[in-house]
Amino acid sequence: MITREEITMLLDHPVYDGDGNKIGDAKHVFFDDMTGHPEWVSVRTGTFGSKESFIPIHNATLVEDHLEVPYPKDQVKGAPSVDIDAGGHLSASEEHRLYDYYGVNWDSVLSEAEASGGPGTGTATGTGTGTAAAAGTAGVAGTAGMAGTAGRGRTDRTGMREDDAMTLSEERLHIGVERREAGRARLRKYVVTEDVQQTVPVRHEEVRLEREPITEANRDAALSGPEISEAEHEVTLYEEHPVVETETVPVERVRLTTEEHVEDETVRGRVRKERIETEGTVDDIRRPGRE
């Protein structure tokens with residue numbers, strides 16, 4: 001149950017239903033004259049808050065900076081309109097009609113009231129039905145009364161913190177950047193074969209016949225053999241052939257790196273803004289042709 005001390009925390013704060021849907025902002029709180037407990041909260045609903053709907057508050061919960069009520073948003077918006085007298089009181093008949101709409105048992109409400117204050121407590125006002133005064137207004141205490149159980153105390157409102165100003169809102173465009181993958185680059189090594197041509201010199205031996213005349217110097221060597229005979233002499237010839245070999249040697253190192261380039265890009269979007277206009281006749285607005 002909402003206490004009287006929590007009323008200032010409640011007024012002009014959001015009211016939500018059990019599913020987390022915002023119904024509107026709390027504008028007034030109505031107290032029961034007999035018990036002094038908060039009984040109803042009025043919430044501005046409809047277009048531009050043009051309607052003020054009543055919600056029973058005895059089963060509501062104050063959660064942080066907002067009020068939660070156990071009634072769906074659509075049910076609250078469809079609540080019947082009620083008349084409030086010049087003193088800001090909700091009559092017993094209007095209160096009974098609201099309880100019927102929300103499915104609250106009228107007899108159980110009376111029983112709770114009797115258990116809290118009992119019939120005939122306080123001072124009776126006018127008829128036998130008691131009245132309730134709002135917190136922060138004159139006559140909060142001692143204005144409750146009840147004739148038997150025939151009537152239900154009227155309630156009056158508190159929190160007369162109405163503001164005739166209308167709040168205008170607008171959307172702002174917030175532009176940021178996000179980093180996402182644009183592509184991939186891969187470094188791959190493969191083997192190719194190519195022909196290489198190079199000229200190298202090679203040598204080979206050939207036989208050449210040399211004749212040497214007999215002289216005094218070589219006579220002894222020439223006459224050392226038999227006078228008449230057959231003989232053979234063999235000479236080995238050599239030649240060079242190219243020999244091809246390969247070896248693997250490192251020639252270069254290659255790697256992939258990235259670098260950033262900054263360029264300007266124009267971004268467009270749509271935002272909504274609220275504007276204000278007046279309707280009807282206002283005397284202090286200058287009209288064409290008037291001084």
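# A guided tour, starting from one salt bridge

Begin by selecting K27 and D12, whose side chains meet in a salt bridge with a distance of 3.4 Å from N to O. Keep in mind during the tour that this is a predicted model. With both residues shown, follow the backbone away from each of them: K27 lies in strand β2 and D12 in the loop between α1 and β1 (14–16), so the pair ties together parts that are 15 residues apart in sequence. D12 counts as partly exposed, because its relative accessibility is 31%. Side chains of opposite charge can pair when their charged atoms come close.

Now zoom out and colour the protein chain by secondary structure, which brings up 5 helices and 8 strands. If you trace these elements along the sequence, you read the pattern α-β-β-β-β-β-β-α-β-α-α-β-α. The protein chain has 291 residues, and buried residues make up 26% of them. Among the contacts in the protein chain with a separation of 6 or more, 58% are between residues 24 or more positions apart.

Next, turn to the interior and select L10, V15, W40, I55, L67, V69 and Y102, which are the residues with the most contacts inside the largest nonpolar core, a set of 30 residues. The elements that give two or more residues to this core are α1 (7–10), β2 (22–32), β3 (38–45), β4 (51–56) and α3 (92–102), and β2 gives the most, with 5 residues. In soluble globular proteins, nonpolar side chains tend to be buried together.

Which residues is V69 in contact with, leaving aside its neighbours within four places in sequence? Select V69 and show its surroundings, and you should find V15, Y16, D17, G18, I23, I55 and A60.

Stay with W40, and add Y99 to the selection, since these two form an aromatic pair that is tilted, with 4.7 Å centre to centre and 50° between the planes. W40 belongs to strand β3 and Y99 to helix α3, and the pair links distant parts of the chain, 59 residues apart. Are these two residues buried or exposed? W40 is buried, because its relative accessible area is 0%, and Y99 likewise counts as buried at 0% relative accessibility. A search of the whole structure finds 4 aromatic pairs. For another group of rings, select Y71, Y101 and Y102, which form one aromatic cluster.

Move on to further charged pairs, remembering that the whole structure holds 12 salt bridges. Select R172 and E170, whose closest N and O atoms are 2.7 Å apart in their salt bridge. R172 counts as exposed because its relative accessibility is 60%, while E170, with a relative accessible area of 37%, is partly exposed. Then select E210 and R208, another salt bridge, where the closest N and O atoms are 3.0 Å apart; both E210 and R208 are exposed.

Finish on the outside by switching on the surface, of which the protein chain exposes about 23600 Å², with carbon and sulfur atoms supplying 47% of it. Select L173, I175, V267 and V271, which form a nonpolar patch on the surface and together have about 350 Å² of accessible area. Within this patch, V267 sits in the segment after α5 (219–222), and V267 is partly exposed because its relative accessible area is 48%.

Key:
Residues are numbered from 1 along each chain as its sequence is written. This is a predicted model: local features need pLDDT of at least 70, side-chain atom pairs count only at pLDDT 80 or more; totals for chains, interfaces and linings use all residues. Side-chain values use heavy atoms; hydrogens and water are left out. Patches are made of residues with over 30% relative accessible area and no salt bridge: like charges are joined within 9 Å, nonpolar side chains (Val, Leu, Ile, Met, Phe, Trp, Tyr) within 5 Å. Accessible areas come from the Shrake-Rupley method with a 1.4 Å probe; for residues, only the protein chains shown count as cover. A salt bridge is a side-chain nitrogen of Lys or Arg within 4 Å of a carboxyl oxygen of Asp or Glu. Helices (H or I, at least four residues) and strands (E, at least two) are DSSP runs, numbered from the N terminus. Buried means under 20% relative accessible area, exposed over 50%, partly exposed in between (1.4 Å probe, protein chains only). A nonpolar core is a set of buried Ala, Val, Leu, Ile, Met, Phe, Trp, Tyr and Cys residues joined through side-chain atoms within 4.5 Å. Contact means heavy atoms within 4.5 Å. Rings of Phe, Tyr and Trp (its six-membered ring) pair if their centres lie within 6.5 Å; planes under 30 degrees apart count as stacked, over 60 as edge-to-face and the rest as tilted.
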